[in-house]
Amino acid sequence: MKKCPLCDSELKREERTTHYTYKDKTQEILQSGEYCVACGEGFLSSKDLKASQKQIADFKRGVDHLLTTDEVRAIRKKLKLTQEKASELFGGGVRAFHKYEIGENTQSRPLDILLKLMDSGKVSVDDLQMVG
Ligand SMILES: [Zn+2]
């Protein structure tokens, strides 16, 4: 049994609902972690934090009308680009798309618009290579 470092009581792995507010919109975020049954303190691993980071990023992007993490990934795959190749093509550093897809960073609005145009077939990878 894992023990709470603060009060020595039992820690249980569970998901807790927290409310996250962004630009006057509020969303429930599920935060998994180990929580103390006595003092209620939560202990989050980097995996727990990554999972909620993605939920928070997707919520904010929804409010801002930007593509979600999964939508960015789906469009990149539809264009048959690896994360590295996409980052090279669109700029932003070699790990740019990795970060957009895990919610660590959010794509700029111009890039978001470009990805939507490419998703609908109005702009192709060849078009980008011609102007680049
Ligand atoms: Zn405790």
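Trainee: Which helices do the buried residues of H2 pack against?
Mentor: First, this is a predicted model: local features need a pLDDT (the predictor's confidence in each residue, from 0 to 100) of at least 70, side-chain atom pairs count only at 80 or more, and totals for chains, interfaces and linings use all residues. Residues are numbered from 1 along each chain as its sequence is written. Helices (H or I, at least four residues) and strands (E, at least two) are DSSP runs numbered from the N terminus, and two residues are in contact if their C-beta atoms, placed from the backbone, lie within 7 Å. The buried residues of H2 pack against H1 (46-63), H3 (83-90), H4 (96-102) and H5 (109-119).

Trainee: And which residues of H2 are the buried ones?
Mentor: A residue is buried if 20 or more other C-beta atoms lie within 10 Å of its own, exposed if 12 or fewer, and partly exposed in between, with C-beta atoms placed from the backbone. In H2, residues 69-78, the buried ones are Thr69, Val72 and Arg76.

Trainee: Why do they line one face of the helix?
Mentor: Picture looking down the axis of H2 and taking the directions from that axis to the C-beta atoms, which is how the arc is defined. The buried residues line one face because they fall within an arc of 65 degrees.

Trainee: Which exposed residues sit on the face turned away from the buried side of H2?
Mentor: Go round to the face of H2 turned away from its buried side. There you'll find the exposed residues Asp70, Lys77 and Lys78.

Trainee: Now the sheet: what is its strand order?
Mentor: Two strands pair if DSSP finds at least two bridges between them. S1 (11-22) and S3 (42-43) are the edge strands, each pairing on one side only. So the open sheet of 3 strands, with antiparallel pairing, has the order S1-S2-S3.

Trainee: How many bridges join S1 to S2?
Mentor: One bridge puts Thr21 with its partner Thr26 in S2. The hairpin of S1 and S2 has 2 residues between the strands, and Lys23 takes a positive phi near 45 degrees there. The strands run antiparallel, and the number of bridges joining them is 12.

Trainee: What is the count of buried residues in S1?
Mentor: S1 is hardly covered. Among its 12 residues, the count of buried ones is 0.

Trainee: Where in the chain is confidence highest?
Mentor: The chain averages a pLDDT of 95, with 99% of the residues scoring at least 70. Confidence is lowest in H6 (residues 125-131), at a mean of 86. It's highest, at 98, in H2.
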